[in-house]
Amino acid sequence: MTKWLNVGKIVNTHGIRGEVRVISRTDFPEERYKIGNTLFVEKGDGDLVPVTISAHRVHKQFDLLQFEGHPNINDVEKYKGHLLKVSAEDAVEMKEGEFFYRDIIGCTVITDEGKELGKVKEILSPGANDVWVVKQKDFGPDLLIPYIPPVVKSVDIENKQVIIHLMEGLI
């Protein structure tokens with residue numbers, strides 16, 4: 001069974017020439033929205049409709065896409081509110097030390113002294129570096145762990161485990 005990744009959500013149409021407004025859920029819009037790429041529109045019944053990108057541009061906070069064979073608004077109106085997907089087999093290769101959010105969320109966080117702190121529940125991107133939000137094992141307030149080399153010592157995606165060094169004032 002094929003696993004699918006969400007690329008974005010079609011939130012509306014744009015103009016009368018078949019453009020759709022997409023709120024992206026991908027870190028790689030320039031890769032996903034290349035002219036000639038095929039994405040899949042997930043319909044409510046689980047069916048996937050292939051669409052090939054014929055044009056892409058950015059407007060405000062949206063990615064505007066046009067699909068081959070869909071030259072006007074009437075052709076794309078039916079896709080409004082649906083997700084755009086791509087096969088997990090087409091995932092972008094990451095460099096050493098880079099991770100997808102989906103790989104980090106759910107990982108158990110352990111100190112370099114062996115104390116289990118909890119699990120990563122979400123990732124924030126406030127600016128210079130990501131911040132991993134850890135739901136504590138012992139029901140305390142969430143911990144905010146900056147993803148920087150002095151703190152995050154190792155990430156083991158296969159075993160869903162992150163080793164961190166507790167710097168003074170971190171907890």
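Here is a friendly set of questions and answers about a predicted model.

Colleague: Let's start with the barrel. In what order do the six strands of the closed barrel run?

Modeller: This barrel is built with antiparallel pairing. From one strand to the next, the twist averages 50°. Following the strands around, the order is S1-S2-S5-S4-S3-S6.

Colleague: How many bridges join S1 to S2?

Modeller: S1 covers residues 4-14 and S2 covers residues 19-24. Two places to look are Gly 8, whose bridge partner in S2 is Ser 24, and Thr 13, which stands opposite Val 20. The two strands run antiparallel, and the number of bridges joining them is six.

Colleague: Which residue takes a positive phi in the hairpin of S1 and S2?

Modeller: Four residues lie between the strands of this hairpin. The phi in question is near 75°, and the residue that takes it is Gly 15.

Colleague: Moving to S6, which residue there is the bridge partner of Lys 9?

Modeller: S1 and S6 run antiparallel and are joined by five bridges. On another strand, S3 (residues 38-42), Glu 42 stands opposite a residue of S6, and S3 pairs with S6 in the antiparallel sense over three bridges. The residue opposite Glu 42 is Leu 83, and the bridge partner of Lys 9 in S6 is likewise Leu 83.

Colleague: How many of the five residues of S6 are buried?

Modeller: Take one side of the strand, where Leu 83, Lys 85 and Ser 87 are buried. On the other side, Leu 84 and Val 86 are buried too, so that both faces are covered by the under 20% cut-off for buried. The strand is mostly covered, and the count of buried residues is five.

Colleague: Why does Lys 85 count as buried?

Modeller: Lys 85 is found in strand S6, residues 83-87. A residue is called buried when its relative accessible area is under 20%. Lys 85 counts as buried because its relative accessible area is 11%.

Colleague: Which side chain makes a polar contact with the side chain of Lys 85?

Modeller: Lys 85 touches several residues beyond four places away in sequence, among them Trp 4, Leu 39, Phe 40, Glu 42 and Leu 48. Leu 5, Asn 6 and Val 7 are also on that list. The polar contact has a distance of 3.0 Å, and the side chain that makes it belongs to Asn 6.

Colleague: Is Gly 8 buried or exposed?

Modeller: Gly 8 has its place in strand S1. Leaving aside neighbours within four places in sequence, its contacts include Val 22, Ile 23, Ser 24, Tyr 33 and His 82. Its relative accessibility is 0%, so Gly 8 counts as buried.

Colleague: How far apart in space are Gly 8 and Arg 32?

Modeller: In sequence, Gly 8 and Arg 32 are 24 residues apart. Going from C-alpha to C-alpha, their separation in space is 9.9 Å.

Colleague: Now for the largest pocket. Which element gives the most to its lining?

Modeller: The lining has 13 residues, and Asn 6, Arg 25, Thr 26, Phe 100 and Arg 102 lie nearest the centre of the pocket. Two elements give two or more residues to this lining, S1 and helix H3 (101-104). With three residues, the element that gives the most is S1.

Colleague: How much space lies in the largest pocket?

Modeller: Asn 6, whose side chain makes a polar contact with that of Lys 85, is one of the residues nearest the centre of this pocket. The space in the pocket is about 340 Å³.

Colleague: Which are the edge strands of the open sheet?

Modeller: This sheet has six strands in the order S10-S9-S8-S7-S12-S11, with mixed pairing. Each edge strand pairs on one side only, and the two are S10 (143-146) and S11 (152-156).

Colleague: Which residue in S12 is the bridge partner of Ile 110?

Modeller: S7 (residues 108-111) and S12 (residues 161-164) run parallel. Four bridges join them. In S12, the partner of Ile 110 is Ile 163.

Terms used
Residues numbered from 1 in each chain as written. Predicted model: local features only at pLDDT ≥ 70, side-chain atom pairs only at ≥ 80, totals over all residues. Heavy atoms only, no water. Buried < 20%, exposed > 50% of the residue type's maximum accessible area, 1.4 Å probe, protein only. Polar contact = N/O pair within 3.5 Å; in protein donor to acceptor, adjacent residues only side chain to side chain. Contact = heavy atoms within 4.5 Å. Pairing = 2+ DSSP bridges. Axes fitted to C-alpha atoms, helices over the stretch in contact; angles between N-to-C directions. 1 Å grid on protein atoms, 1.4 Å probe; cavity = no way out; pocket = protein on both sides within 12 Å on 5 of 7 lines; lining within 4 Å. Points joined across faces, edges and corners; volume = space filled by probe spheres on them.
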